[in-house]
Structures are given as C-alpha cells and as structure tokens.
Amino acid sequence: MKQLNIIPNPNKIDYLGGSVKMENIDSESFSARLTDKLPEEGYVLEVTENGVEATAGGERGAFYASQTLKQLKQLDICPCVRIEDAPAFEYRAFMLDCARHMTTVENIKKLIDAAALVKMNTMHWHLTDDQGWRIEIKKYPELTRVGSVRGETLIGHHHTSSEYDKTPHGGYYTQKQIREIVKYAADRYITVIPEIELPGHAVAALTSYPWLGCKGEGYEVRRRWGISKEVFCPGKETTFEFLQNVFAEVLELFPSEFIHIGGDECPKDSWKQCPLCQERIRTEGLKDEFELQSYTVRRMEKWLREHGRKIIGWDEILEGGVSPTATVMSWRGSKGGIAAAKAGNHVIMAPNVHCYLDYYQTKTPTKEPMAIGGYVPMRKVYELDPYDQLTPGERAYILGVQGNLWTEYIATFPHLKHMLLPRLAAIAEVGWSYDRKDFDDFKHRMNSLRKCYDAAGLN
C-alpha cells in the first residue's frame with residue numbers, strides 16, 4: 001500500500017481499499033459540507049474512485065482539506081483514503097522582518113502560499129525598526145520620506161565588520177499594498193498581525209520626528225544591526241499621542257484581533273538621563289526604568305484594548321510587571337513563556353533555539369550564506385516542545401508556535417527562501433501535529449512536499 005506523505009501529519013488515516021488516478025480528481029472545484037460536529041479548523045476528507053468528498057467544521061477546515069488534497073495531487077496514483085484531521089494549537093505562525101530588508105508584495109504572497117500549504121494561519125509582519133520604517137502612515141509622512149531610508153548598509157557581520165556598501169536602502173509598503181497583502185492572506189485563512197516596535201527599536205521614527213526621543217536631536221536611521229540606546233521618550237505626552245495616531249491608522253489596515261507592540265531590547269540609558277522620564281517615574285509612583293517600560297506597554301495596551309484589540313509583546317514585557325491580558329511571545333528560549341503561562345498569561349512559543357530561522361542550518365556555515373549565527377537544523381526545529389515544564393492546567397495558556405525570520409543578513413528572495421524552507425514545515429507540524437510527531441517519518445514525507453514547493457517555484 002502506498003503511504004501518504006502529508007505535512008502536517010494528519011490525525012487519522014484510514015485506507016479504504018482500491019486506488020484512484022489523481023489526474024482524474026479536480027482539486028480546485030470541490031467543496032466541503034459544513035458541520036458543527038467538527039472543530040472550526042477540522043475536516044474529514046475522502047478520496048475514492050467516485051471522487052472527493054469533504055466535511056469541515058468551518059470555512060478554515062474546508063480550506064485545509066483543499067490543501068491536503070493539493071499535496072495528494074503530487075501522487076500519480078492515490079490509495080482510496082479517509083482522512084480525519086484537526087490542529088493541536090490554534091496559533092500557527094511565521095514572522096517576516098521587512099524592516100531590515102524589504103521584499104516585494106509578490107514575494108510575500110509566495111510565502112503566504114507556502115505557509116497556507118502547511119496549514120499555518122498567521123503571519124506576523126515586522127514593519128518598523130532602527131534600520132527602517134516600512135508602513136505608510138498618512139498623518140506622519142516623514143516616517144516614510146525619511147525613516148524608510150538608511151544611508152548605507154553594513155557589509156559582513158556586525159560583530160566584526162566596519163565596512164559599508166555606500167548605497168542607500170529604502171522603501172515602504174503603501175496602505176494600498178498592505179490592504180492587498182492582508183486580503184490575499186485572508187483569502188487563504190491567514191491573519192496578518194502587524195508589529196510596530198515600542199519603546200525600543202525606534203531610531204527610524206526618531207530620525208523622522210526627533211521630538212519623539214529624549215535628547216530630541218541628532219538621530220540617523222541606523223546603518224548597523226544590533227541594538228540602539230536611542231528609544232522613544234515615555235516622559236513626553238506627545239510620544240503617546242504619536243503612537244496612538246500611528247496605531248489608529250494601523251487598526252484601519254489590519255483587522256487582526258492581535259497587534260504586536262514589540263517591547264524587546266530596550267536600553268534604559270536615555271531614560272536615566274532624561275528629566276521628563278524621571279519626572280514620569282516619580283509622578284506615576286514607579287520604582288525604576290523597568291517599571292517605566294511596563295507603564296509604557298500597559299498604557300498602549302489599554303488604548304488598544306479600548307479599540308477592541310489585544311497586544312502581543314516579546315518576553316521582555318514581563319520585566320517590570322505585565323498586564324494579565326497581554327500575550328507573551330517567548331523568544332529568549334522558553335523560560336519567559338513558561339513563567340508567563342505559570343502566571344496566567346497567554347503565550348506564543350518562538351524560542352530562538354528552535355524557532356529562529358535566520359540561524360545557520362549546518363555545522364559548517366562556510367557552505368551556507370552568511371547568517372546572524374546560531375545553529376538550528378531541521379531536527380532542532382522539530383524538537384520544539386511548546387508544553388515543556390508545564391502542568392496540564394498551565395498548558396491551556398499556550399496559544400501556539402511561531403517561526404521567526406529576521407533579515408539583517410537576508411537581502412534577496414532566494415536567500416530568504418533558503419532560510420525559511422523547509423524549516424517552516426517543521427514549525428507547522430509542531431503546531432498542527434504536536435501529539436503525533438515523528439522526525440524520521442517527517443523527513444520521508446518531506447519528499448512529497450518538495451514537489452509542491454517545486455510546482456510553486458519555491459526552492
């Protein structure tokens with residue numbers, strides 16, 4: 001009997017006897033009956049000599065049935081089969097950093113297709129950072145006129161190099177383009193969550209509007225990678241007015257329940273020297289600069305909650321105290337996520353040791369394109385356990401998993417695909433098939449998925 005090579009691994013496969021030529025199966029026009037007896041993302045798919053029948057708990061489930069059928073189409077002859085399937089986690093995502101290096105709208109669509117094929121349902125879109133502001137905000141045109149352009153880009157690794165390419169790097173996504181991408185993703189049942197960084201990783205914004213920073217002058221869109229000490233000034237009311245106005249336009253573009261506010265890697269040096277920040281600490285009864293960051297995050301969360309949204313922040317938002325309604329994205333290993341789940345916060349697991357797809361894939365990186373460092377081969381991705389060290393009660397707070405692709409060292413689309421694929425499929429299988437993972441079987445099934453990638457022009 002020919003085994004089915006489906007990724008993510010379905011929950012249950014029953015072979016019915018007999019087989020069917022897949023060239024006789026129309027995978028584009030089939031439709032699924034909806035039933036409330038299945039979970040919203042669950043489906044039952046039957047492929048027999050009489051054709052294809054599907055039942056699903058909702059439109060998402062029907063779409064995932066079609067993606068499974070798309071993989072089966074790679075077979076010449078398919079055994080007659082009944083597949084019952086549903087995901088283990090509700091949140092299954094990839095993150096794309098376009099702040100450091102942009103990619104085109106068409107390329108983003110190709111990545112969305114690749115994610116949809118393996119039943120991911122979320123794209124986290126990193127749009128602002130020290131090295132570039134990539135989203136059009138009509139109230140603040142300098143963000144894209146000035147903040148989207150860095151004068152040049154570092155050549156080589158930021159730990160060892162002081163050489164630059166002497167070529168400006170710029171660009172941004174118009175609101176029209178963003179709506180196009182959001183709709184394209186939604187048509188494939190992928191929600192796009194924007195990330196607007198605060199209070200750190202803000203140099204592109206400070207260069208555009210210097211009054212947003214503590215010193216108020218002398219900023220330049222960052223040409224190097226790494227962390228800048230120049231951050232938003234939470235001592236000024238005008239900073240919060242700016243952020244609220246920016247998010248007002250962001251909410252018009254992105255209907256997602258969640259908005260990512262960053263919260264990571266925010267040095268406190270400028271706040272310690274800023275009279276306005278120190279006054280804010282005193283008047284708000286805060287203990288220190290860590291609580292000032294917590295104040296900033298909580299204040300923006302309150303505003304977003306009043307506008308019907310929830311926040312996600314990197315695990316640094318735990319420092320200085322975090323709102324019980326914030327969702328924590330654990331990236332510095334799983335420690336922050338474990339602590340957040342034990343405290344009753346919802347968590348997305350994206351630990352760098354398993355989920356950072358900008359890390360090298362081999363132990364001999366001289367044979368790979370330059371990367372930021374690290375070593376995350378396919379097996380390491382697949383070994384991610386989102387429930388590690390958690391009790392059954394605490395596991396309820398884990399929403400799901402995410403693979404992150406930072407682009408400091410990824411300037412071209414071929415390089416981006418090289419880093420993302422096929423490790424993206426391993427993340428997807430952890431999120432969908434957590435209770436039935438088998439790495440050796442996964443490697444075997446990848447042979448079929450590669451044919452789908454080839455058909456879509458994805459290396």
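Here is a short chat about the folds, rings and cysteines of a predicted model.

Me: Hi! Before we start, what kind of model is this, predicted or not?
Reply: Hi! This is a predicted model.

Me: Thanks. Which strands close into the barrel, and in what order?
Reply: Eight strands do, going round as β6-β7-β12-β13-β14-β15-β16-β17, with parallel pairing. From one strand to the next, the twist averages 30°.

Me: Can we zoom in on one pair? How many bridges join β15 to β16?
Reply: Three bridges, between residues 327-330 of β15 and residues 347-349 of β16. Within that pairing, Met329 stands opposite Ile348.

Me: And which strands does helix α10 lie across?
Reply: Helix α10, residues 335-343, lies across β15, β16 and β17, and its direction is at about 155° to β16. Helix α15, residues 423-432, lies across β6 and β17, running at about 180° to β17.

Me: Let's switch to the other strands. In what sense do β1 and β5 pair, parallel or antiparallel?
Reply: Antiparallel, over seven bridges, with β1 covering residues 12-21 and β5 covering residues 77-85. Strand β3, residues 43-48, also runs antiparallel to β5, and five bridges join them.

Me: Which residue of β5 does Ile13 stand opposite?
Reply: Ile13 faces Ile83 in β5. Leu45 stands opposite Ile83 as well.

Me: New topic: aromatics. How many aromatic pairs turn up in the whole structure?
Reply: The search finds 23 aromatic pairs. One of them is Tyr64 with Trp432, which is edge-to-face at 5.3 Å centre to centre, with 80° between the planes.

Me: Why does that pair tie together parts far along the sequence?
Reply: Because Tyr64 lies in helix α1 (residues 59-72) and Trp432 in helix α15, the pair links parts that are 368 residues apart in sequence.

Me: Are those two rings buried or exposed?
Reply: Tyr64 counts as buried, at 0% relative accessibility. Trp432 also counts as buried, at 0%.

Me: What about Tyr356 and Tyr359, how are their rings arranged?
Reply: They form an edge-to-face pair, 5.7 Å centre to centre and 65° between the planes. Tyr356 and Tyr359 are both buried.

Me: Which residues do ring pairs link into a cluster?
Reply: Tyr140, Tyr209, Trp211, Phe232 and Phe242.

Me: I like cation-over-ring geometry. Which residue lies over the face of Trp432?
Reply: Lys119 does, at 5.8 Å from the ring centre. Over the face of Phe240 you'll find Arg299, at 4.0 Å from the ring centre.

Me: Now cysteines. How many disulfides does the structure hold?
Reply: Zero.

Me: Why is there no bond for Cys98?
Reply: Because its sulfur is 19 Å from the closest cysteine sulfur, in Cys355, and that is too far for a bond. Cys98 is also buried, with a relative accessible area of 0%.

Me: And how far is the nearest cysteine sulfur from Cys214?
Reply: The sulfur of Cys233 is 3.6 Å away, and Cys214 is in no disulfide. The cut-off for a disulfide is 2.5 Å between the sulfur atoms.

Me: Last one: where does Ser448 lie, and what is it in contact with?
Reply: Ser448 lies in helix α16, residues 439-455. Leaving aside neighbours within four places in sequence, Ser448 is in contact with Asn5, Gln71 and Gln74. At 6% relative accessibility, Ser448 counts as buried.

Technical notes: Residues numbered from 1 in each chain as written. Predicted model: local features only at pLDDT ≥ 70, side-chain atom pairs only at ≥ 80, totals over all residues. Heavy atoms only, no water. Buried < 20%, exposed > 50% of the residue type's maximum accessible area, 1.4 Å probe, protein only. Pairing = 2+ DSSP bridges. Helix = DSSP H or I, 4+ residues; strand = E, 2+ residues; numbered from the N terminus. Axes fitted to C-alpha atoms, helices over the stretch in contact; angles between N-to-C directions. Contact = heavy atoms within 4.5 Å. Phe/Tyr/Trp six-rings, centres within 6.5 Å; stacked < 30°, edge-to-face > 60°. Lys NZ or Arg CZ within 6 Å of the ring centre and 35° of its normal.
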